[in-house]
Structures are given as structure tokens and as C-alpha cells.
Amino acid sequence: MASLYNAWGPILDLYLLQLGFAFSQYLVLRAGVFSLATAALAAIGAYTAGILAVKHGVHPALGILAGTGMGTAAALVLSWPLARLRGVYQAIATLAFVQIVLSLNIWAEGLTGGAMGLMNIPRVVGTPGLLAAAVAVTYIIWAIGRTRIGRTFDVIRENEAVAVSLGVSVPRWQALAFALSGAIAGLFGALEAFHSYALDPNIFGFSFLIATLSYVVFGGRKSVLGPLVGTAVLILLPELARPLAENRVLVYGLLLILVINFLPRGVADTLLDAWHRRRLARRSAAAAEALR
Amino acid sequence: MTGGLELRALGKRFGGVVAADDVNMSVPPGRITGLIGPNGAGKTTIVNLVTGMLSVSSGSILFDGRDITHAPAHAIARAGLARTFQNIRLMPEASILDNVMVGFHRHETSGLLAALLRLPAAARETRAMRDRAMALIGRFGLAALADHPAGGLSYGHQRRVEIMRALATDPRLILLDEPVAGMNDVESAEMAEVIRGLAAEGRAILLIEHDMRFVTGLCAHVYALDGGRLIAEGSARAVLSDPVVIEAYLGSPLDA
């Protein structure tokens with residue numbers, strides 16, 4: 001058991017952290033916002049927690065709370081100008097935001113440690129802490145899908161004009177999606193800080209953004225299972241076939257091209273839809289049988 | 001005039017183009033009011049002005065005695081005004097049930113935190129909305145298909161789902177934008193029954209239509225629009241035999 005954990009523990013930790021970022025990305029997409037800001041919001045959460053701990057000796061629990069709060073606040077501020085943009089323009093604007101946060105982290109050497117990174121963060125978060133956070137966030141995402149929040153997000157994503165005609169205030173609900181996405185990104189950013197001794201500004205750059213987007217696109221954007229499955233496959237695949245690990249980004253790129261072309265709804269959602277259709281067909285057949 | 005919708009000298013300009021000019025109409029509750037006109041007459045512009053999708057250039061709109069001329073679109077919907085779309089707009093992959101349930105948005109009151117954590121209040125609300133949606137679907141005779149994706153339904157059934165979604169908001173006025181476009185005679189006769197039923201419940205109905213026969217059979221009062229201006233109003237028969245209306249539809253007679 002212990003040796004099993006030694007071998008797979010780090011991968012499990014990596015999975016749980018990445019799962020949080022995947023859910024942050026999933027939430028904005030679900031509400032019809034094409035935002036790529038998760039990388040920047042995670043960086044804000046991570047650096048808030050890290051700086052508070054290293055420079056001010058703040059208790060980690062408070063640091064995690066502050067990181068979550070800063071992620072939420074930054075997302076809320078960002079949602080205001082973004083409400084005026086649509087589709088690919090939102091993607092471009094949030095990509096710029098990621099780049100700005102990255103540059104600021106490198107530039108503000110006195111505060112963030114600059115390109116050298118922020119060192120000596122106490123490593124107080126282990127697998128149990130990550131697991132608790134991942135379970136909590138998974139539950140919240142599942143709950144959102146089963147209450148009025150999920151229904152409202154769905155109709156906004158599918159057709160904004162319809163949403164408005166039903167009395168939905170689109171900017172308000174998209175701000176909510178943003179704030180939740182920022183809270184999750186900030187929380188998992190802070191957890192990452194307390195899990196890894198040091199923060200390097202480049203962790204939260206373009207490859208982070210591509211990875212989180214890949215988890216959701218690969219797994220699926222509709223059900224809770226999408227990010228769970230997508231993240232698992234994309235984390236495990238390079239570990240199972242070691243040569244692939246060297247070319248992780250290349251593998252992600254290839255898989256994305258394949259999935260977008262052949263399973264545009266993602267692996268998990270496609271399987272769920274197929275299962276649902278089979279069940280409906282069986283029920284219709286049974287009803288037809290009963291009529292004869 | 002008490003209740004219903006009232007347009008007073010409504011106007012809309014896009015730059016130099018006049019899309020609606022000095023339009024005066026009233027749509028009383030419990031009756032079906034028709035709005036006809038050839039393609040490009042400005043019928044959908046009127047719908048978009050009333051529902052707040054377009055900003056009004058001049059004139060005013062009253063709904064149940066309240067001025068909604070410059071109210072935001074979602075606030076107008078929450079005030080009890082629903083619409084259907086000329087080109088059907090459903091969530092094609094979602095089930096009929098899910099499509100109808102989103103219509104209850106303005107009646108949902110559970111707190112955000114309760115919904116986020118799926119506390120009992122939020123779960124109860126979702127169950128209540130599902131029951132109300134199923135009752136509505138049953139009334140429209142689609143209960144057996146409730147779990148099927150809306151995108152796979154026939155054209156007539158998709159129109160019904162759109163009307164159910166609008167009805168779920170429990171509106172006092174419904175704007176129906178060409179509800180029988182592309183339907184066969186059987187489907188359109190069924191739709192006529194549905195619309196009569198809505199008016200009988202005391203709702204105000206504004207029916208925007210192309211199909212003259214359909215309008216004649218249903219509407220108590222008809223307005224005819226051409227080039228953004230009202231060219232005739234009155235009983236369906238009188239409007240349809242008005243030479244100005246005939247000319248708008250068929251063009252002016254050749255000089256003999």
C-alpha cells in the first residue's frame with residue numbers, strides 16, 4: 001500500500017490540482033463565456049497565498065482563504081468589461097489578461113520573486129487536503145447542474161436571445177459564473193502554492209491555459225464527468241507511456257484534433273448521450289410492444 | 001383602455017432608414033390581435049421593439065398601464081411578456097422537459113447559496129418546476145416524448161415546445177412570430193386550437209402572420225403594416241378586402 005502510494009501519490013496530487021483548474025474552466029464555458037482567464041486567476045490565488053505566507057508569516061488557512069477571495073474579486077472585476085464582448089473576442093481579451101498577470105509577476109521582483117520565483121513556501125497541503133477540496137468542488141459543480149443555476153447557464157450558452165426573452169439578466173448570471181470560476185481557480189492556485197515549496201511565474205502561462213482547456217474539451221463540457229474523465233486521461237496517458245511524457249504538449253495537441261473532429265462533444269458526454277439514447281429507444285420499443 | 005399592450009406613435013429609425021413610423025396599436029387581454037404585412041413590412045421590428053431587443057427611437061409602449069418603452073429586455077419579460085421566435089430557437093440536444101423547465105426562470109426564488117449547495121429548498125424547487133413542466137407538456141399532448149431531445153421532433157412539435165416554454169413564464173401577453181410558418185394544414189389547425197385556448201385563459205395575444213387564412217379564422221382585430229407604417233386596421237374581413245392592403249401584398253395594378 002505504502003509503495004503504491006509512493007509511486008502514484010504525486011500523480012494523484014497532480015490530478016486533483018489539475019481537476020480544480022479544469023472545473024474553473026468548465027464553469028465559464030457552461031455559462032457561454034469563452035474565457036481563458038483560469039490560468040491568470042490561479043496565478044493570483046497562488047501568489048496571494050504564497051506572498052502572505054512567506055513575507056508576512058500568515059497562517060496557511062488564512063492564506064488559502066485570501067487566495068480564493070482574490071481569485072473571486074479579480075474575476076468579478078474582469079467580468080465587467082468582458083460583458084461587452086462575445087465569443088472569440090472574449091478569448092482574446094482573457095488571453096491578454098493571462099499575459100499581463102504573467103508579466104506583472106516577473107516584473108514585480110520585490111513582491112513575487114520575479115523570474116526566479118517565490119521560494120520557501122511551507123509545504124502544508126498534502127493528498128488529503130487536495131482530495132477534500134476536489135470532492136467539495138465536484139459536489140458544487142454537480143449541484144449547480146441540478147438546480148436553477150445550471151438551467152440558467154445552459155439557456156444562456158445555447159441562445160442568449162431566448163434567455164433574455166425568459167427574463168434572464170445575462171450580464172449578472174455570467175458575472176456569477178465568472179466569480180465561481182475565479183473562486184475555484186484562486187482556491188486551487190493557493191493549494192498549489194502550499195503543495196510545492198516554490199512558485200515559478202511561468203507555471204501559469206500559455207501551456208497551463210492549453211492544458212486546462214484540453215481537459216474540458218477532451219472530456220466534455222456538459223456533464224460533471226467531462227472534466228473528471230478528461231483530466232484523468234490527459235494526466236495518466238503520458239505517465240503510462242513514458243516516452244509520451246517528453247512530448248506532453250504534442251500529445252495533447254494531437255488528441256485535441258482527433259476529439260474535436262470525431263467526438264466534438266468530448267469523450268464522456270458522447271458516451272453518456274449514447275447511453276441515454278439507447279435507454280430512450282428501449283423504452284419506446286417497450287411502449288410499442290405494450291400497445292400491440 | 002385597461003390592461004394589455006398599447007403602442008403610441010411608435011417609431012424606429014436605423015440611420016436614415018425608417019423601420020417603424022407612427023405605429024398605434026392596442027392588444028387587449030382575452031383576444032387575439034393580428035399583425036399582417038408583406039415580407040419586410042417591419043413586423044418583426046415591432047416585436048423586437050416591444051420585447052426590448054431593439055431600442056425605441058420615438059413614441060412609447062405601455063404594458064398593463066406601465067411604461068416599458070426603455071425598460072431592459074429581461075425586465076420586460078419579467079413583467080409578464082413572452083414571445084416565440086420566427087425561426088424556432090430551442091436547445092436541440094436538451095430534452096423537451098429541460099427546454100420547458102428553463103421557461104420557469106422568473107418564478108424561481110431559491111437563494112443562490114441554497115442552489116450552489118443543493119440545499120433542500122433548491123432541490124424542492126427543482127422538483128416543483130419539473131412537476132409543473134410535466135403538467136404543461138401533458139396538456140400539449142407530448143408527455144410520452146418528454147425525455148426526448150427537442151432537436152429530433154417534427155416542426156409542429158418544436159413550435160409547441162416553444163409555446164410551452166413561453167407559457168411557463170405565465171405571461172399576460174404572448175407575441176407569436178409566425179407560429180405556423182412551414183406547417184402543413186393539420187399542424188396549423190392544431191396550432192389554431194392552442195392559440196384560441198390561450199386567449200380563452202384571458203391572455204392578450206399578438207399574432208404576427210403571413211398566412212391570411214389563418215389570420216381570418218382567428219383574429220378579432222387585425223392591423224396591416226407596410227413599409228413600417230400601419231395602412232389599415234379593423235375586422236379581419238374588412239382589412240383583407242381593403243384595396244390598399246391588396247396592393248401592398250400583390251403590387252399595384254398595371255396601367256391599362
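Trainee: How many residues of chain B are in contact with how many residues of chain A?
Mentor: This is a predicted model, in which local features need pLDDT (the predictor's confidence in each residue, from 0 to 100) of at least 70 and side-chain atom pairs count only at pLDDT 80 or more, while totals for chains, interfaces and linings use all residues. Residues are numbered from 1 along each chain as its sequence is written, with chains lettered from A and ligands numbered from 1 in the order in which they are written. Two residues are in contact if their C-beta atoms, placed from the backbone, lie within 7 Å. Chain B brings 28 residues, and they meet chain A residues numbering 22.

Trainee: Which helix of chain B gives the most to the side that touches chain A?
Mentor: Helices (H or I, at least four residues) and strands (E, at least two) are DSSP runs, numbered from the N terminus. Helix 2 (73-78), strand 6 (81-83), helix 4 (112-116) and helix 5 (120-139) of chain B each supply at least two residues to that side. With four residues, the top contributor is helix 2 of chain B.

Trainee: Which strands of chain B are the edge strands of the open sheet?
Mentor: Strands pair if DSSP finds at least two bridges between them. In chain B, four strands form the open sheet in the order 2-1-4-5, with antiparallel pairing. Seven bridges join strand 1 (residues 5-14) to strand 2 of chain B, where Phe14(B) stands opposite Val17(B). Pairing on one side only, the edges are strand 2 (17-27) and strand 5 (66-67) of chain B.

Trainee: How do helix 6 and helix 9 of chain A run, roughly parallel or roughly antiparallel?
Mentor: The axes (lines fitted to C-alpha atoms over the stretch in contact, with angles from 0 to 180 degrees between N-to-C directions) of helix 6 (residues 127-145) and helix 9 (residues 170-193) of chain A come within 11 Å and cross at roughly 170 degrees. Angles under 35 degrees count as roughly parallel, over 145 as roughly antiparallel, 65 to 115 as roughly perpendicular and the rest as oblique. Therefore helix 6 of chain A is, relative to helix 9 of chain A, roughly antiparallel.

Trainee: Which helix gives the largest share of the side of domain 1 of chain B that touches domain 2 of chain B?
Mentor: An automatic or database assignment sets the bounds, giving chain B domain 1 (1-80 + 171-256) and domain 2 (92-170). Their contact takes eleven residues from domain 1 and eight residues from domain 2 of chain B. Helix 2 and helix 7 (185-200) of chain B each give two or more residues to the domain 1 side. The largest share, four residues, comes from helix 7 of chain B.
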